[in-house]
Amino acid sequence: MSFGISCSMCDKYSFGKYKKIYFIGIGGIGMSALAKHCLSEKITVLGSDKSRNGMVKQLKDMGIPVKAKRDTASIEDCDAIFIWDSIESEIASTIVRFKD
């Protein structure tokens, strides 16, 4: 499965060390591209997004579970968490707690 994604972040960083990644804000153009790239690399991808846009539907159709609200149990089980840069401070404090 290939999505023809070419981005400097994908080229610069190896996602191969991750088995499972959770995306907060997965429905945006940038986060969805990264999620698709990771899926093409055989990484388990899941995420959340408040939006119910066409991109979220496309990701779900590809088999990526996308919830409207963050699933803290799923986050705890992931190797990495990708966060959209317009993150709310409440989400940031949740993530910090998981790191401790």
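Okay, let's start with one residue: Y22 stands opposite I81, and I81 sits in β4. Keep that pairing in mind while I walk you through the rest. One thing before we go on: what you're looking at is a predicted model.

So, where does β4 belong? Strands β1 and β4 are joined by four bridges, and they run parallel. On its other pairing, β1 is linked to β2 by five bridges, again with the two strands running parallel. For anyone new to this, strands of a sheet pair through backbone hydrogen bonds, either parallel or antiparallel.

Put those pairings together and you get an open sheet of four strands, in the order β3-β2-β1-β4, with parallel pairing. Which strands are at the edges? Those are β3, residues 66–67, and β4, and each of them pairs on one side only.

Now, the sheet doesn't sit there alone. Helix α2 packs on it and touches β1, β2 (44–48) and β4. The direction of α2 makes about 170 degrees with that of β1.

Let me zoom in on F23. Which residue is its bridge partner in β4? That's F82. In β2, the bridge partner of F23 is G47.

And F23 and F82 have something else going on. How many aromatic pairs do we count here? One. The rings of F23 and F82 form that pair, and its geometry is edge-to-face, at 4.9 Å centre to centre with 70 degrees between the planes. Why edge-to-face? Because planes over 60 degrees apart count that way. The pair also links distant parts of the chain: F23 is in β1, residues 20–24, while F82 is in β4, residues 80–83, and they're 59 residues apart.

Are these two buried or exposed? Both F23 and F82 are buried. That goes along with β1 being mostly covered, with four of its five residues buried. β4 is a nice one to rotate on your screen: A80 and F82 make up its covered face, whereas I81 and I83 are on the uncovered one. So our opening residue, Y22, has a partner, I81, on that uncovered face of β4.

On to the helices. Two packed helices are described by the angle between their axes and the distance between the axes. Take α2, residues 29–40, and α3, residues 54–61: their axes come within 10 Å and cross at roughly 10 degrees. Angles under 35 degrees count as roughly parallel, so α2 and α3 are roughly parallel to each other. Who's touching whom? From α2 we have I29, S32 and K36, and they meet M55, Q58 and L59 in α3.

Have a look at Q58, which is in helix α3. Its relative accessibility is 34%, so Q58 counts as partly exposed. Between the C-alpha atoms of Q58 and S32 there are 9.4 Å, and along the chain these residues are 26 apart.

Last, let's step back to the whole chain. How many helices and strands are there? Five helices and four strands. Along the sequence they follow the pattern α-β-α-β-α-β-α-β-α. Out of 100 residues, 38% count as buried. If you take the contacts with a separation of 6 or more, 55% of them are between residues 24 or more positions apart. And the accessible surface comes to about 6100 Å², with 52% of it belonging to carbon and sulfur atoms.

That's my tour. Thanks for listening!

Terms used:
Residues numbered from 1 in each chain as written. Predicted model: local features only at pLDDT ≥ 70, side-chain atom pairs only at ≥ 80, totals over all residues. Heavy atoms only, no water. Phe/Tyr/Trp six-rings, centres within 6.5 Å; stacked < 30°, edge-to-face > 60°. Buried < 20%, exposed > 50% of the residue type's maximum accessible area, 1.4 Å probe, protein only. Contact = heavy atoms within 4.5 Å. Areas by Shrake-Rupley, 256 points an atom, 1.4 Å probe, with all protein chains shown as cover. Pairing = 2+ DSSP bridges. Axes fitted to C-alpha atoms, helices over the stretch in contact; angles between N-to-C directions. Parallel < 35°, antiparallel > 145°, perpendicular 65-115°, else oblique.
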